[in-house]
Amino acid sequence: MVNTGMQLISFTFAVTGWVMAIAVTALPQWKVSAFTEEIILISEIIWQGIWMSCVYQTTGHMQCKTYDSLLALPVDIQAARALMCVAIFLGWLSCTVSCCGMKCTTCAGDDRHAKAGIALSGGVLFIITGLCVLIPVSWVANTVVRDFYNPNIPVTNKRELGQAIYLGWASAVILMISGAVLSSTCPHMEKEAYRRGYSGRSFANTRHSPLDPPKPIATNNVPFREYV
């Protein structure tokens, strides 16, 4: 069973991964301009996120514009929006549940079995949160790589993987590993409870005391008389 220190460390990393997922959702650097051999000098860099697109100029000015239509967006961007919002909500729920199940809290009293079950639920939620981050990030990355090597797409429309993609992968890994560590606080709890409940009921090693010899019947100290 994981000790309290390891539980606190894994919870801290899980919260860090959740904050990273929030940053990934807000960052526009999901897709960036591709620098190929045919393009030697570029005066502006294009960033495309799931909520907005930005144009960063070499002079230091940056202009961003949110997408006007949701249905006009590609399927991978629409799915990324939905899954990242779900991941943020599940991350908040995971933090709340995990806090209640940690050993250093007073929630659920002294019932170790109940606290272990709550910690297991929080760890599973963190793993699901990591999957909700991993799926859209990997989907968008696959689309970028596929379009980059597609000869039918013009060079000016090709994109590369942005910083948000790598940050999303790191966030997903941290969330899933931390959730797995938190989930490991629950093994063997039922077995231990079973052993504690029946440890004193085994008759295999009990020693039976020898039977006491029969005692004579009390006669109230009345002397016997002989009759002829």
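A residue counts as buried here when its relative accessible area is under 20%. Threonine 129 is a clear-cut case in this predicted model: its relative accessibility is 0%, so it goes straight into the buried class. This threonine sits in helix H3. Along the sequence, threonine 129 and alanine 14 are 115 residues apart, yet their C-alpha atoms are 9.9 Å apart in space.

Stepping back to the whole chain, there are 228 residues, and 31% of them count as buried. The fold is built from five helices and five strands. Read from the N terminus, the order is α-β-β-β-β-α-α-β-α-α. So the chain starts with a helix, runs through four strands, then two helices, one more strand and a final pair of helices. Helix H3 itself spans residues 112-148, and it keeps turning up in what follows.

Take the largest pocket, for a start. It holds about 200 Å³ of space. Its lining is made up of Lys31, Gln48, Gly49, Tyr67, Leu73, Pro74, Ile77, Thr143, Val144, Asp147, Asn157 and Arg159. Sorted by class, that comes to five nonpolar, four polar and three charged residues, a mixed bag for anyone thinking about the chemistry of the wall. The biggest contribution comes from helix H3, which supplies three of the lining residues.

One of the lining residues, Thr143, deserves a second look. Threonine 143 lies in helix H3, and with a relative accessible area of 9% it falls under the 20% cut-off and therefore counts as buried. Threonine 143 is also 18 residues from leucine 161 in sequence, with the two C-alpha atoms 9.8 Å apart in space.

Helix H3 has a surface side to its story as well. A nonpolar patch of about 380 Å² is formed on the surface by Val75, Leu131, Ile135 and Trp139. Here too H3 has the largest share, with three residues. Among the patch members is Trp139, which is located in helix H3. Tryptophan 139 has a relative accessible area of 37%, and because this lies between the 20% and 50% limits, the residue is classed as partly exposed.

Taken together, helix H3 carries residues of both kinds: threonine 129 and threonine 143 lie in it, as does tryptophan 139. The two threonines are buried, at 0% and 9%, whereas the tryptophan is partly exposed at 37%.

Notes:
Residues are numbered from 1 along each chain as its sequence is written. This is a predicted model: local features need pLDDT of at least 70, side-chain atom pairs count only at pLDDT 80 or more; totals for chains, interfaces and linings use all residues. Side-chain values use heavy atoms; hydrogens and water are left out. On a 1 Å grid over the protein atoms alone, a cavity is a set of points where a 1.4 Å probe fits but cannot get out, and a pocket is an open set with protein on both sides within 12 Å along at least five of seven lines; lining residues have an atom within 4 Å of a point. Grid points are joined across faces, edges and corners, and a volume is the space filled by probe spheres set on the points. Ala, Val, Leu, Ile, Met, Phe, Trp, Tyr, Cys and Pro count as nonpolar, Asp, Glu, Lys and Arg as charged, and the others, Gly among them, as polar. Buried means under 20% relative accessible area, exposed over 50%, partly exposed in between (1.4 Å probe, protein chains only). Patches are made of residues with over 30% relative accessible area and no salt bridge: like charges are joined within 9 Å, nonpolar side chains (Val, Leu, Ile, Met, Phe, Trp, Tyr) within 5 Å. Accessible areas come from the Shrake-Rupley method with a 1.4 Å probe; for residues, only the protein chains shown count as cover. A salt bridge is a side-chain nitrogen of Lys or Arg within 4 Å of a carboxyl oxygen of Asp or Glu.
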